Amino acid sequence: MIKPLTRHSSRRDFLTGVGALAGVSLLPLAGCAKSDKVRVGFMLPYTGTYAQLGIAIENGFRLALAGQGGKLGGREVEYFKVDDESNPAKATDNANKIITRDKVDVVVGTVHSGVAMGLIKVARETGSLVLIPNAGANAATGELCSPNVFRTSFSNWQPTHPLGKVMVGNGHKKAVFITWKYAAGEEALASFAEGYRAAGGSIVKELFVPFPNVEFQALLTEIAALQPDAVACFFAGGGAVKFVKDYAAAGLKQKIPLYGSGFLTEGVLDAQGEAAEGVMTTLHYADSLDNARNAAFRSAYRDAYGTDADVYAVQGYDTGLLLIQALEKTGGDITDREAVIAAMEGAVIDSPRGQWTMSKAHNPVQDFYLRRVENGDNKVIGVAWSALEDPARGCSM
Ligand code: PHB
């Protein structure tokens, strides 16, 4: 049994665990030889609206390594942690803490696109190896792409790219898009707009809520008055629970079909309950994907943590698989930067989401599934777009 991380234990672990100790007694002197252990730093949200996402990512990563006796390339692993609170204002400081103070060999971070931008800035200055297990900021594998930065999740361009075609195919030609006003939502909207307009749809109104606010009432009233054919959105974590419940409670669910990028219904279906039934989304994963790797992964995750896996757990798991593959190739040497990067660039990940490869810009090339919530599950309707590759605009790697 892997020690489960829960919302309650995570903060305590963060304050009293290896991460906190590292800042005090385990701090290596600058320039000194590093310990034999591979130093892995989690820069993730452990508090706030994305706390559960950070926890699932760490759980998934640890589960992948558990398959190797907890090791990477035959070497023990030492973990360091920083709670980035999904707060972009603290991102550079937090990145510096984990990279410069804790001297990790690799950072696994983060969830929030704005925070990722701060982390990438520090990664580009220091050359540190960074694996992004969620944050979709397009620039990370676009104009700010960098040899030492890899993403194991998606770009914000990807999940909503197939959505417009699906909606027009269902006869919904006039839509409202509603989202939090920050990079992830804005980029999800821009990509949705591209695909929706190309398919013959038009966006009648774009509505925004500041992140991480969940006061939706006034905007739901506006949607009711606008009477679009459908609503599309980006919300995730705690905000997604509130939005889906408020949408149903406002009486909109029966009248105006709700669509979104699949984060809307990931890891939150129990909390959303009846309100989520019928919601249609596109995403690179679904609980019910019928492949052997997914079945084994979901059962091992449940055994280890006593809770069900979701897309964030998968992304954490795949981040572990990527590192395992790379360090197997280098015999555990993470300091052989060129070899590590080459191995990651050539990686083929046999994932619970289906097999995926790394694009030249270091972002997954992967299938996107159309899902509909049925009886409390994200049921797979089909593949909405196969082997979708982010355009990597501005990346010249
Ligand atoms: C992001 O900020 O990039 C982000 C956060 C949560 C998600 C997806 C994207 O579920």
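Two strands count as paired if DSSP finds at least two bridges between them. The pairings reported below are those of a predicted model.

## Domains

The domain assignment divides the protein chain into domain 1 (11-154 + 291-362) and domain 2 (157-283 + 369-388). Their C-alpha centres are 29 Å apart. To the contact between them, domain 1 contributes 16 residues and domain 2 contributes 20 residues.

## Strands E6, E7 and E8

Strand E6 (residues 174-180) has 6 of its 7 residues buried, so the rest of the structure largely encloses this strand. E6 is joined to strand E7 (residues 202-209) by 7 bridges, and the two run in the parallel sense. Within this pairing, Val 176 has Lys 205 of E7 as its bridge partner. Between E6 and E7 the chain passes through helix H8 (residues 183-198), which makes a right-handed β-α-β crossover.

E6 also pairs with strand E8 (residues 230-234), again in parallel, through 5 bridges. Here the residue opposite Val 176 is Val 231 of E8. Val 176 thus stands across from Lys 205 in E7 and from Val 231 in E8.

## Strands E9, E10 and E13

Strand E10 (residues 280-283) sends the side chains of Met 280 and Thr 282 one way and those of Thr 281 and Leu 283 the other way. Are these residues buried or exposed? All of them are buried.

E10 has pairings in both senses. With strand E9 (residues 258-261) the pairing is parallel and comprises 3 bridges, and Gly 260 stands opposite Thr 281. With strand E13 (residues 364-374) the pairing is antiparallel and comprises 4 bridges, and Leu 283 stands opposite Tyr 369. Pairing of either sense in a sheet is made through backbone hydrogen bonds.

## The open five-stranded sheet

An open sheet of 5 strands follows the order E2-E1-E3-E4-E5, with parallel pairing. Strand E2 (77-83) and strand E5 (149-151) are the edge strands; each has a single partner, so one side of each has no neighbour in the sheet. From one strand to the next, the twist averages 20°.

At the E5 edge, strand E4 (residues 129-132) is connected to E5 by 3 bridges and runs parallel to E5. Leu 131 faces Phe 150 across this pairing. Helix H14 (residues 337-345) lies across both E4 and E5, and makes an angle of about 20° with E4.

## Nonpolar cores

The largest nonpolar core has 102 residues, and Phe 235 and Phe 243 are the members that touch the most others. Helix H13 (residues 311-329) is the main contributor to this core, supplying 11 residues. The core draws at least three residues from each of domain 1 and domain 2. Apart from this core there is another, of 20 residues, which includes Phe 80, Ile 120, Ala 123 and Ile 132.

Which residues does Phe 243 touch, not counting residues up to four places away in sequence? They are Ile 178, Phe 216, Leu 220, Cys 233, Phe 235, Leu 258 and Leu 264. Phe 235, in this list of contacts, is the residue named with Phe 243 as touching the most other members of the core.

## Asp 350

Asp 350 belongs to strand E11 (residues 348-351). Its relative accessible area is 41%, which makes Asp 350 partly exposed, as the class lies between the 20% limit for buried and the 50% limit for exposed. Apart from neighbours within four places in sequence, Asp 350 is in contact with Arg 293 and Leu 321. Asp 350 and Asp 318 are 32 residues apart along the chain, and 8.4 Å separates their C-alpha atoms.

## Met 397

Met 397 lies in the segment after strand E14 (377-388). With a relative accessibility of 36%, Met 397 is classed as partly exposed. Not counting residues up to four places away in sequence, Met 397 touches Cys 145, Ser 146, Pro 147, Lys 360, Ala 361 and His 362. Met 397 and Thr 141 are separated by 256 residues in sequence, with a C-alpha to C-alpha distance of 9.6 Å.

Notes:
Residues numbered from 1 in each chain as written. Predicted model: local features only at pLDDT ≥ 70, side-chain atom pairs only at ≥ 80, totals over all residues. Heavy atoms only, no water. Core = buried A, V, L, I, M, F, W, Y, C linked by side-chain atoms within 4.5 Å. Buried < 20%, exposed > 50% of the residue type's maximum accessible area, 1.4 Å probe, protein only. Domains from an automatic or database assignment. Contact = heavy atoms within 4.5 Å. Axes fitted to C-alpha atoms, helices over the stretch in contact; angles between N-to-C directions. Right-handed = clockwise from strand over helix to strand, strands pointing away.
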